[in-house]
Amino acid sequence: MIIQQGLLVVLLWVCLLHPCLTAMVFSRTTDQQPKNFAARGIGNEGKALHRQKRGWMWNQFFLLEEYTGSDNQYVGKLHSDQDKGDGSLKYILSGDGAGTLFVIDERTGDIHATRRIDREEKAYYTLRAQAINRRTLRPVEPESEFVIKIHDINDNEPTFPEEVYTASVPEMSVVGTSVVQVTATDADDPSYGNSARIIYSILQGQPYFSVEPETGIIRTALPNMNRENREQYQVVIQAKDMGGQMGGLSGTTTVNITLTDVNDNPPRFPQSSVHLRIPESSPVGTAIGTIKASDADIGRNAELEYRIIDGDGRDMFDIVTQKETQEGVITVRKPLDYENRRLYTLKVEAENLYVDPRFYYLGPFKDTTTVKISVEDVDEPPIFSRSSYLFEIHEDIEVGTIIGTVMARDPDSAAGPIRFSLDRHTDLDRIFNIHSGNGSIYTSKMLDREISQWHNLSVIAAEINNPKEMTRVSVYVRILDVNDNAPQFAVFYDTFVCENARAGQLIQTISAVDKDDPLGGQKFFFSLAAVNPNFTVQDNEDNTARILTRRNGFSRHEISTYLLPVVISDNDYPIQSSTGTLTIRVCACDSRGNMQSCNAEALLLPAGLSTGALIAILLCIIILLVIVVLFAALKRQRKKEPLILSKEDIRDNIVSYNDEGGGEEDTQAFDIGTLRNPAAIEDKKLRRDIIPETLFIPRRTPSAPDNTDVRDFINQRLKEHDNDPSAPPYDSLATYAYEGNDSIAESLSSLESGTTEGDQNYDYLKEWGPRFNKLAEMYGGGESDKDTS
């Protein structure tokens, strides 16, 4: 097969620029290559070259990308020695892009590209060629593979991955300090020509920065660039292919460079001296004012520390550094006094906390200023001579005795008079008082240490000219003890003596207490007020004493109780004593001396009940009485109620008749024929379901005409109920037979109208209201009809 490379212009360009291209296309092959194929090319003079021997390899074609012609781009030609030119052979192309991107003329074997090819999309295409017999469709040559390689042209400009870069570099950096590296890429073939060879240059940002042409590293170009002068820089970098030669394509990017801060500026006070004022009444810790040193640096490099390094007010004032504002706050350390000193001078220093050793030559990184503080005079409250007072007095002093004096003065230069007073909230009982002029405190009531040993008073000192200016001071009054209380029994003693007691037997140990509190401690003496033949007191000399019997045997029948006066005295001055009486009961005891009974009446009762048992019995009796009363009340109430409360009780119909019925036509509630029973009217039997409140003789009324049907019906029902064992034990018909006594207006029913003889005037019915109009018309109309007839 002969392969002819197409497009003479393309071959001329390739041969002129690359003389070795032809040698690259054809290379020696082995004997295994197809022997019936020949490769046909075009020489430098444009003549066709023929090789009869198949000793050369034809497996590679070259094609330029981005073809701009109007026709299909010619690639090459396939030809077989079996092709006689009669059209009996057919050339077939398969592989990458066959039939779409690359087409072959099946008769001539010419290969064309149907569209523009971009090498950046695909650099080469692998195809297979074969010649077959058109009639038999059998291959006349084995299938052979070849490659179409796309030659690159410079059609892609360099691009940066980022449109804008952000970088930073410390200020005051030396020339050549690396800032950032930017790198551009080119989609062209780097192995062919200079299409992908990129050179970097700086379009904007000089003379501050430079860029290395080969690497794209941006470096500082000026020394000592100061952030305080300019902080932001914008640098434009260009990347150009073709080695930066004219005609190359280029791309740009922007780099925003920020100078970061370093501590290259020392702090400076804007003023060499500062004047502040403070009232003398300001408490400790009050902020007087602030001072601030300016530092052109920022962040950590601008952090300062303030301190007082000299001055006559170093002990009176402090300075605190505010981290948020980097200010120094001057505060009061000790109380101020305008009358003692009116002006203070401080020397304050501000120093950077973090200093960069590289910039020591720019220092020192500290500064000082002078602060003058003037103390202003204010109207101050009085000042007591002490912070608190303690007075000690005896409780037996007389009323009006001065217990102590408080003193206060006006600290102002124009000292004014002072008035003293007691805060009555601290002396609610008004035991003390004070002289308003000289501050002497005296008693106004008698004192008693046993009631209150301490009195905590509050004395107020106020200026007479300005009562609002006042001061308080605590006065503690301690009441000293005087022996003015006699000792007494410590507790109440329930003492008894057994009937079988012997002489000298201990029946009670007593002790005493004293409200007084002598310095040497309590010491009590016990004795009898008079000689007692039955008992005696033996002092134990430890503030206790023993009560002993003086004879054998005691009798409850003779004397059941003995009274023994005991004298108790102390040893303080003046000596106080009191007499306490012991009540000693005579009791019956067992052999061990345990008390069994102390009442004489107990001898008459062999056995008795305790108090708890008596109370329980009494409660039971009360409960039984309450139950009986409740039962009687319930029984009485049941007698007044009906015996049967069934829902079917016919008497329930009577309860609802509180208004006028509908006459004879109203038969929903009960059978009106029941009222016509003359026998029931005559019997007037009393109801048996309830007990009648009073007994009365029923008044007889004229009976109505006998109604046999109704009577038979009622008698039949009555007989059924009488014979029914489950029926109620009373005649329910009696309820409806009782109509009560005759009223003044007599009966209005028409049941008895048949018995009425003679004419009757019914005009009075109209006067009874609209409810009786219908009845008046009925009876009145009857009269008129009778008259007319």
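Which residues form a nonpolar patch on the surface? Ile615, Leu618, Leu619, Ile622, Val626 and Leu630 do, with about 560 Å² of accessible area together. Take Ile615 from that patch. Ile615 sits in helix α3, which covers residues 611–640. Is Ile615 buried, partly exposed or exposed? Its relative accessibility is 48%, so Ile615 counts as partly exposed.

Now the overall picture. Please keep in mind that this is a predicted model. The protein has 789 residues, and 35% of them count as buried. Its secondary structure comes to eight helices and 43 strands. The exposed area is about 48,500 Å², with 51% of it supplied by carbon and sulfur atoms. Next, contacts along the chain. Take the contacts with a separation of 6 or more: 68% of them are between residues 24 or more positions apart.

Let's go inside. How many residues are in the largest nonpolar core? There are 24 residues, and Tyr306, Phe317, Ile330, Val371 and Ile373 have the most contacts inside this core. Seven names follow, so look along with me. The elements that give two or more residues to the core are β19 (273–279), β20 (287–291), β21 (304–311), β22 (317–322), β23 (327–332), β24 (343–352) and β25 (366–376). Which of them gives the largest share? β24 does, with four residues.

Stay with Phe317 for a moment. Set aside its neighbours within four places in sequence. Phe317 is then in contact with ten listed partners, among them Ile288, Ile308, Ile330, Tyr344, Leu346 and Ile373. Thr331, Val332, Arg333 and Leu336 are also in contact with Phe317. There is a second, separate core too: it has 23 residues, including Tyr493, Ala501, Phe554 and Cys589.

Back to one strand, β23. Five of the six residues of β23 are buried, so the strand is mostly covered. What does β23 pair with? One partner is β20, antiparallel, over four bridges. There, Thr290 has Val329 in β23 as its bridge partner. Another partner is β22, also antiparallel, joined to β23 by six bridges. Here Thr321 is matched with Gly328 in β23. β22 and β23 form a hairpin with four residues between the strands, and Gln326 in this hairpin takes a positive phi near 55°.

Next stop, strand β9. Four bridges join β9 (residues 110–113) to β6 (residues 73–77), and the two run antiparallel. In that pairing, Gly76 stands opposite Ile111. β9 also pairs with β8 (residues 102–104), antiparallel, over three bridges. Ile104 stands opposite Ile111 as well. β8 and β9 make a hairpin with five residues between the strands, where Gly109 has a positive phi near 85°.

On to charges. Side chains of opposite charge can pair when their charged atoms come close. How many salt bridges are counted here? The count comes to 23. One joins Asp110 and Lys77, at 3.2 Å from N to O. Asp110 is in β9 and Lys77 is in β6, so this pair ties together parts 33 residues apart in sequence. Are these two buried or exposed? Asp110 is buried, and Lys77 is buried too.

Another salt bridge joins Arg134 and Glu106, with the closest N and O atoms 3.5 Å apart. Arg134 is in the loop between β10 (124–133) and β11 (144–151), and Glu106 is in the loop between β8 and β9, so the pair ties together parts 28 residues apart in sequence. Arg134 counts as partly exposed because its relative accessibility is 25%. Glu106, at 31%, also counts as partly exposed.

A third example is Glu349 with Lys366, where the closest N and O atoms are 4.0 Å apart. Glu349 is in β24 and Lys366 is in β25, 17 residues apart. Why does Glu349 count as buried? Because its relative accessibility is 9%, and buried means under 20%. Lys366 is at 36%, so Lys366 counts as partly exposed. Both belong to a network of salt bridges that also links Glu305, Arg307 and Glu351.

Last stop, a loop. Where is Val399? Val399 is in the loop between β27 (388–394) and β28 (402–405). Its relative accessibility is 44%, so Val399 counts as partly exposed. Leaving out residues up to four places away in sequence, Val399 touches Thr443, Ser444, Lys445 and Met446. Val399 and Met446 are 47 residues apart along the chain, and their C-alpha atoms are separated by 5.9 Å.

How values were computed
Residues numbered from 1 in each chain as written. Predicted model: local features only at pLDDT ≥ 70, side-chain atom pairs only at ≥ 80, totals over all residues. Heavy atoms only, no water. Patch = residues over 30% accessible without salt bridge, like charges linked within 9 Å, V, L, I, M, F, W, Y side chains within 5 Å. Areas by Shrake-Rupley, 256 points an atom, 1.4 Å probe, with all protein chains shown as cover. Salt bridge = Lys/Arg side-chain N within 4 Å of Asp/Glu carboxyl O. Buried < 20%, exposed > 50% of the residue type's maximum accessible area, 1.4 Å probe, protein only. Pairing = 2+ DSSP bridges. Core = buried A, V, L, I, M, F, W, Y, C linked by side-chain atoms within 4.5 Å. Contact = heavy atoms within 4.5 Å.
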